[in-house]
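Subject: Structure for you to look through

Hello,

I am passing on a structure that I would like you to open alongside this message. Please look it over first, and then read on for what was found in it.

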Amino acid sequence: NAIAQYQRNRLPGQRVHVRGVVTLQRPGEDFFIEDMTGGLQLKSRQFQSLKVGDVVDAVGFPAFVNYLPMLEDAVFRRDEKPRATIQAKVVSLQEIKDGLHHADLVTLTAKLLNRNIEPGQLFSHRSWTHITLLLQDDNQPFTAVAELPHGVTTLANIPIGSTLQLTGVCFTETDADQRLKSLQILLPGAGSVRVLARPSWF
């Protein structure tokens, strides 16, 4: 079923089927898929590894978190078809403030204000590093986060004050009036960030 069709029908308590292309996975926690109609977050305890571009079929129970649709207790099966490509939508922060693009793969531009680096989880016998970038665009602060293999320092070496182009999954929280409370860009990898301009003092 098309993701937009599920979001319109919204059948609480009834398991639904969706099919789409994986844009990001946080193993044992959730993953995101997208089709031609939009993106969707699926909570799943499955640890089966998915890669960006995998085509999956999934079933789960419709739910709302922070007034936004998702699927809970999802189980999925990866299709054996070749990986597909989802073209990220080039968006403005104002569009996100207007309630658009939650769970979509997006590209936007922002200035790097700060960053935080912490040890991440151990997964597939590898150590990971959790990186949070604090960003700002149009006077709106937000974050971008990535889980990178230990030793990958690409994001850690970007000078503070740089102007960045980021491509990742748009993850928003809204209030009852659909106003934006917070925004995170979930980055699939270090290659999801491109430096457009370095600070003048660098």
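**Aromatic pairs**

The structure, which is a predicted model, holds two aromatic pairs. A pair of aromatic rings is described by the distance of the centres and the angle of the planes. In one pair, the ring centres of phenylalanine 31 and phenylalanine 76 lie 4.9 Å apart and their planes meet at 65 degrees, and because an angle over 60 counts as edge-to-face, that is the name this pair receives. The two partners come from distant parts of the chain, since phenylalanine 31 sits in strand 2 (residues 30-35) while phenylalanine 76 sits in strand 5 (residues 68-78), and they are 45 residues apart.

Are these two rings buried or exposed? Phenylalanine 31 has a relative accessible area of 1%, and is therefore buried, given that buried means under 20%. Phenylalanine 76, with a relative accessible area of 7%, is buried too.

The other pair is made by phenylalanine 32 and phenylalanine 171, and it is also edge-to-face, with 6.0 Å from centre to centre and 90 degrees between the planes. Here too the pair links distant parts of the chain, with phenylalanine 32 in strand 2 and phenylalanine 171 in strand 10 (residues 163-174), 139 residues apart. Both phenylalanine 32 and phenylalanine 171 are buried.

**The chain as a whole**

Stepping back from the rings, you will find two helices and 12 strands in the protein chain. Read from the N terminus, the order of these elements is α-β-β-β-β-β-β-α-β-β-β-β-β-β.

As for overall dimensions, the C-alpha trace spans about 55 × 45 × 25 Å along its principal axes. A compact globule of 202 residues would have a radius of gyration near 17 Å, and the protein chain has 17 Å, so the two agree.

Of the 202 residues in the protein chain, 46% are buried. Among the contacts with a separation of 6 or more, 59% are between residues 24 or more positions apart, and the two aromatic pairs described above, at 45 residues and 139 residues apart, each join distant parts of the chain.

Finally, a word about the surface and the charges. The accessible surface of the protein chain comes to about 10700 Å², and 50% of this belongs to carbon and sulfur atoms. The chain carries 21 positive and 20 negative charges, and the mean positions of these two groups are 4 Å apart.

With best wishes

Note on methods. Residues are numbered from 1 along each chain as its sequence is written. This is a predicted model: local features need pLDDT of at least 70, side-chain atom pairs count only at pLDDT 80 or more; totals for chains, interfaces and linings use all residues. Side-chain values use heavy atoms; hydrogens and water are left out. Helices (H or I, at least four residues) and strands (E, at least two) are DSSP runs, numbered from the N terminus. The radius of gyration is taken over C-alpha atoms; the globule rule is 2.2 Å times the number of residues to the power 0.38. Buried means under 20% relative accessible area, exposed over 50%, partly exposed in between (1.4 Å probe, protein chains only). Contact means heavy atoms within 4.5 Å. Accessible areas come from the Shrake-Rupley method with a 1.4 Å probe; for residues, only the protein chains shown count as cover. Lys and Arg count as positive and Asp and Glu as negative; His and the chain ends are not counted. The place of a charge is taken as NZ of Lys, CZ of Arg, CG of Asp or CD of Glu. Rings of Phe, Tyr and Trp (its six-membered ring) pair if their centres lie within 6.5 Å; planes under 30 degrees apart count as stacked, over 60 as edge-to-face and the rest as tilted.
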